[in-house]
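User: I'm new to this structure and would like a close look at a single part of it, the metal site. Could you walk me through that part and then what surrounds it?

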Amino acid sequence: MLQVDIQGEKTVRDALTIARIVRVNHAGEFGAIRIYSAQIVVSRWFWPDCVPALSEMLEDERRHCILFRDAMPARKSRPCRVMQFWSYGGWWLGFLTALLGRQGIWACTAAVEAAVHRHLDDQLHFLNARDPELAAIILSIRDEEIAHLRHAEDRLVSRSVAFRVLKAAISMATDCLIWLSTWGDSTRMARALKADSR
Ligand SMILES: [Fe+2]
Ligand SMILES: [Fe+2]
């Protein structure tokens with residue numbers, strides 16, 4: 001009986017973590033859409049050579065966002081209720097960093113993509129046996145996400161202290177926006193994944 005209870009509790013906990021994974025990933029993709037949209041608006045004026053790559057990334061993020069949105073109902077997950085943090089915050093983050101120039105754009109892209117990828121491997125490890133369908137979705141987008149990150153990192157030339165501070169600030173702003181837009185679920189998800197990998 002006790003065994004059944006423990007097993008049942010574990011199943012409920014796993015289902016909650018899976019719902020969080022979908023919610024956090026969906027929020028991340030949604031934020032990326034907003035950031036790249038704003039960066040494209042600025043780039044059309046000042047840095048047109050960046051537009052093709054950003055447009056391609058934007059299309060990828062739109063597709064990823066739909067994949068996670070479609071995966072939600074079956075996992076009793078819903079988009080975050082406070083997505084406006086991401087919506088406005090993400091747009092301004094993209095807009096302001098794009099005004100700084102190409103290096104601002106790629107620093108922001110690298111920081112955002114790194115935040116999205118940070119938990120990807122842990123998520124796969126957790127989901128492989130528990131939700132192979134969701135694991136397959138994440139696996140199917142992983143190569144594109146890595147390509148986004150590489151594209152941005154390859155274009156980052158400045159190594160100055162001011163630039164490193166800027167990158168760290170963008171990274172912090174991204175984590176903060178994800179935390180707010182998921183109402184802390186990003187931290188709870190990371191904690192559950194960490195506990196599982198021990
Ligand atoms: Fe994505
Ligand atoms: Fe991406």
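Analyst: Here is a walk through the metal site, followed by the helices around it and a few single residues.

Before anything else, keep in mind that this is a predicted model.

Let's start with the iron ion (ligand 1). Its protein donors are Glu29 (OE), Glu29 (OE), Glu61 (OE), His64 (ND1) and Glu145 (OE), and they lie 1.9 to 2.7 Å from the ion. If you want to find these donor residues in the sequence, look for the spacing E-x31-E-x2-H-x80-E. His64 sits in helix α2 and Glu145 in helix α6, so this pair ties together parts that are 81 residues apart in sequence. As for the surface, His64 and Glu145 are both buried.

Now for the iron ion (ligand 2). Here the coordinating atoms come from Glu61 (OE), Glu113 (OE), Glu113 (OE), Glu145 (OE) and His148 (ND1), at 2.0 to 2.4 Å. Along the chain, the donor residues of this ion follow the pattern E-x51-E-x31-E-x2-H. Glu61 belongs to helix α2 (residues 51-71) and Glu145 to helix α6 (residues 132-155), so the two tie together parts that are 84 residues apart in sequence. Glu61 is buried, and Glu145 is too.

What links the two ions? Glu61 does: this residue bridges the iron ion (ligand 2) and the iron ion (ligand 1), which are 3.6 Å apart. Glu145 also turns up on both donor lists, for the iron ion (ligand 1) and for the iron ion (ligand 2).

With the ions in place, turn to the helices. Helix α4 (residues 102-117) packs with α6 at an angle of about 145°, their axes 8 Å apart. The way α4 passes α6 is a left-handed crossing. On the α4 side, the contact is made by Gln103, Trp106, Thr109, Ala110, Glu113, Ala114, Val116 and His117. On the α6 side you'll find Glu145, Ile146, His148, Leu149, His151, Ala152, Glu153 and Arg155. Sorted by class, the residues of this α4 and α6 contact come out as seven nonpolar, five polar and four charged. Some of these names should ring a bell: Glu113, Glu145 and His148 are among the residues that coordinate the iron ion (ligand 2).

Helix α4 has another partner, α7. The axes of α4 and α7 come within 9 Å and cross at roughly 45°. That makes α4 oblique to α7. This crossing is right-handed. From α4, the residues that meet α7 are Gln103, Ala107, Cys108, Ala110, Ala111, Val112 and Ala115. They touch Phe163, Lys167, Ile170, Ser171, Thr174, Asp175 and Ile178 in α7. By class, the contact of α4 with α7 counts nine nonpolar, three polar and two charged residues.

While we're on α4, have a look at Gly104, which is placed in this helix. Is Gly104 buried or exposed? With a relative accessibility of 2%, Gly104 counts as buried. Gly104 and Ile170 are 66 residues apart in sequence, yet their C-alpha atoms are 9.5 Å apart in space.

Next comes helix α3 (residues 83-99), whose axis comes within 9 Å of that of helix α7 (residues 161-181), crossing at roughly 165°. At that angle, α3 and α7 are therefore roughly antiparallel to each other. Here α3 passes α7 in a left-handed crossing. The α3 residues involved are Phe85, Trp86, Gly89, Gly90, Leu93 and Thr97. They meet Ile170, Ala173, Thr174, Leu177, Ile178, Leu180 and Ser181 in α7. This α3 and α7 contact holds eight nonpolar, five polar and no charged residues.

Two more residues are worth a stop. Gln84 is found in helix α3, and Gln84 is partly exposed, with a relative accessible area of 45%. Its C-alpha atom is separated by 28 Å from that of Pro48, 36 residues away along the chain.

Finally, find Lys76 in the loop between α2 and α3. Most residues other than glycine have a negative phi. Lys76 is not a glycine, but has a positive phi of about 50°. Lys76 counts as exposed, at 78% relative accessibility.

Key:
Residues numbered from 1 in each chain as written. Chains lettered and ligands numbered in written order. Predicted model: local features only at pLDDT ≥ 70, side-chain atom pairs only at ≥ 80, totals over all residues. Heavy atoms only, no water. Donors = N, O, S within 2.8 Å, 3.2 Å for Na, K, Ca; no water. Helix = DSSP H or I, 4+ residues; strand = E, 2+ residues; numbered from the N terminus. Buried < 20%, exposed > 50% of the residue type's maximum accessible area, 1.4 Å probe, protein only. Axes fitted to C-alpha atoms, helices over the stretch in contact; angles between N-to-C directions. Parallel < 35°, antiparallel > 145°, perpendicular 65-115°, else oblique. Left-handed = near helix turned anticlockwise from the far one by under 90°. Contact = heavy atoms within 4.5 Å. Nonpolar A, V, L, I, M, F, W, Y, C, P; charged D, E, K, R; others polar.
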